[in-house]
Amino acid sequence: MNPDPRQYPLRSALALACALLPLGGLAQDAAAPRTIAPLPAELPDSGEPTPPSPAVADQEAAGTPGLEANFGIGRAATEEEIAAIDIDVTPDGHGLPDGRGSYADGKALYDERCLACHGENLEGIPETGGPALIGGRDTLASDTPLKTVESYLAHASTLYDYIHRAMPMDAPGSLTPDEVYAVSAYILGRAGIVDETTVLDRESLPQIRMPNAEGFVDDPRPERL
């Protein structure tokens, strides 16, 4: 049903009145004197000491506010406990431990601890979630990329770091440095990156040139803060 055109003037008048009401209120508020809340009254001195803030309780611990106040919970970690989790390895090889491992030793260990997930030929087993470890060179820019140790990693130390911290899946971190060096030598040897006679240690591992070393963009941020 079409609205009655005789109602248009009434609607326009109501709309104008509603629009002018806030303006009038603002003008009135601007003319009224401003009020300020009074300051709180000072409490009488009871003579009791004020408890110190944990952040400033010990001025000698400058730079670490609050760390000295543990509220009776926990304790400082020992050097041995810190060393147990401070196991990361940087691209330049910093953090690699003493030890050594060969291709032959790595093959025996791979067959025992890695083959069930990654396959006899390091091809990966999707049913177990184990990815392929070798192959796929120059495929990352193709329609069927295959990301493996051989095709993706820019530094051999990354392989050591990951195996050391996360492998094998059923017992991560259980391999000794010698065993990690050996498995790394076997994987890199099967990928054709090193010779099968290569023995890896903290000196030789960072010297390995990975096939995809030039496939990354430098990050200008510092490695350590």
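1. Which element gives the most to the lining of the largest pocket? In this model, which is predicted rather than determined by experiment, the answer is α5, with four residues in that lining. The points below begin with the chain as a whole and then return to this pocket.

2. The protein chain contains six helices and two strands, and if you follow the chain from the N terminus, you will meet these elements in the order α-α-β-α-α-α-α-β.

3. The protein chain has 225 residues, and 24% of them count as buried, a term that here stands for a relative accessible area under 20%. The accessible surface of the protein chain comes to about 16500 Å², and carbon and sulfur atoms account for 57% of that surface.

4. When contacts in the protein chain with a separation of 6 or more are considered, 52% of them are between residues that stand 24 or more positions apart.

5. Turning to the largest pocket, the space in it amounts to about 910 Å³, and its lining is made up of 37 residues, among which Tyr152, Leu153, Thr158, Leu159 and Tyr162 lie nearest the centre of the pocket. The elements that contribute two or more residues to this lining are α4 (115-118), α5 (156-166) and α6 (177-190).

6. As for the character of the lining of the largest pocket, its residues divide into 23 that are nonpolar, six that are polar and eight that are charged. It may help to look for α5 in the structure while reading these numbers, since this helix, as noted at the start, gives the most to the lining, with four residues.

Definitions and conventions: Residues numbered from 1 in each chain as written. Predicted model: local features only at pLDDT ≥ 70, side-chain atom pairs only at ≥ 80, totals over all residues. Heavy atoms only, no water. 1 Å grid on protein atoms, 1.4 Å probe; cavity = no way out; pocket = protein on both sides within 12 Å on 5 of 7 lines; lining within 4 Å. Points joined across faces, edges and corners; volume = space filled by probe spheres on them. Nonpolar A, V, L, I, M, F, W, Y, C, P; charged D, E, K, R; others polar. Buried < 20%, exposed > 50% of the residue type's maximum accessible area, 1.4 Å probe, protein only. Contact = heavy atoms within 4.5 Å. Areas by Shrake-Rupley, 256 points an atom, 1.4 Å probe, with all protein chains shown as cover.
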